Amino acid sequence: MEFRFKLSEFLDCEISKINKNLLPNTFSGDRRAAAKCIGYVSEIMDSMGIASAHAQALQKPITSAEKLRNSNYDVYLLVDFEANNGNGTVLGMLKVGRKNLYVFDVTGMSHEKKALCILDFYIYESSQRQGYGKWLFDHMLHGENILPQEMALDKPSEKLLAFLFKHYGLQTIIPHNNFIIFEGFFDYLKSEVAVGTNGKVPKLAATDNYETESQHAYPNQQSSIKPDEHGLSMYGKHAAFKPVDTMGSIMSTQLQQDLQPADYTLNKSYDSFLHETQRDAENARYDHK
């Protein structure tokens, strides 16, 4: 997308992170330069937000300068400085932000987590299918130090789901009301013994391949929730440790103690003991007479 101003006047990098102040994270300048930069960034956000909404067939934009200013979200902006006779063009944007979510795992158990969410992702039509989306998304992942399956998607489009499946192997969806998560989202709950890094999943360096990591670090675990030969699932509550001294076991032990006489031994059956007791009672009655 082309604009009337030169992008290199206020942007230093091909991918810039724009915060709620509508300033790039690398911006440096006085108040006058900041005001000018905010005006340029506002125009970019409004125009790209409208284009994104049109591409997704939305009734109104979900990204604008005003919306970004009144939030704690960030926008990653991808530009080409050499295009448009040196004035530059905006190739795409990716808006992310953290939200407090109540999410359900495959067993139906609820968890509260402040998750990083994909809120808007758009590559300008003439720049699509050239690798810019993958470049922008990878830059965001490294910047946020996160894996693709650890994120939530806010009302994703079919194109976004296809993009994540193609480049990161994300396929198994756990749907919720207004967002979705993928299998692997709950791997942060693994014990430090299982993970070996104090419960933290190791992140990737800038040269690592996220597609390879996502397919090997988080294999499909759907087989773990299938019932075993006894009809019980080995995932969730059926796999939990069950103590031996349950209330039923305690009551059973107490009942046996109440039924058995105090001097009952393993060498003498209860029937034999009862017979001897009745005989002693008869003898005592005979002696009394």
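Two strands are taken as paired if DSSP finds at least two bridges between them. In this predicted model, strands S3 and S4 pass that test with 13 bridges, in the antiparallel sense. Gly92 contributes to this pairing, with Ile123 of S4 as its bridge partner. The two strands form a hairpin, and five residues lie between them. Gly108 sits in the turn and has a positive phi of about 90°.

S3 also pairs with S2. This pairing is again antiparallel, and it runs over seven bridges. Asp74 has Val96 in S3 as its bridge partner. In a regular strand, side chains alternate between the two faces of the sheet.

Helix H1 covers residues 31-55, a run of 25 residues. At 1.5 Å a residue, a span of 36 Å is expected. The end C-alpha atoms of H1 are 36 Å apart, so the model agrees with that expectation. After H1 comes Ala57, with a positive phi near 60°.

Many positions along H1 are listed as buried, among them Ala34, Tyr40, Val41, Ile44, Met45 and Met48. The list also includes the small residues Gly49, Ala51, Ser52 and Ala53. Their cover comes from several elements. Strands S1 (15-18), S2 (74-80), S3 (89-104) and S4 (110-123) are included in it, as is helix H2 (65-69).

The N terminus was examined next. Met1 lies in the segment before S1. Its relative accessibility is 15%. Met1 therefore counts as buried, since the cut-off is under 20%. Contacts with Met1, leaving out residues up to four places away in sequence, include Ser47, Met48 and Ala51. Of these, Met48 and Ala51 are themselves buried residues of H1. Met1 also touches Thr89, Val90 and Tyr124. Thr89 and Val90 fall within S3, which spans 89-104. The C-alpha atoms of Met1 and Ser127 are 9.1 Å apart, although 126 residues separate the two along the chain.

Cysteines were considered last. A disulfide is a covalent bond between the sulfur atoms of two cysteines. With sulfur atoms required to lie within 2.5 Å, the count of disulfides is zero. Cys37 is buried, because its relative accessible area is 1%. Cys37 belongs to H1. Cys13 is partly exposed, because its relative accessible area is 33%.

Note on methods
Residues are numbered from 1 along each chain as its sequence is written. This is a predicted model: local features need pLDDT of at least 70, side-chain atom pairs count only at pLDDT 80 or more; totals for chains, interfaces and linings use all residues. Side-chain values use heavy atoms; hydrogens and water are left out. Helices (H or I, at least four residues) and strands (E, at least two) are DSSP runs, numbered from the N terminus. The expected span of a helix is 1.5 Å times one less than its number of residues. Buried means under 20% relative accessible area, exposed over 50%, partly exposed in between (1.4 Å probe, protein chains only). Contact means heavy atoms within 4.5 Å.
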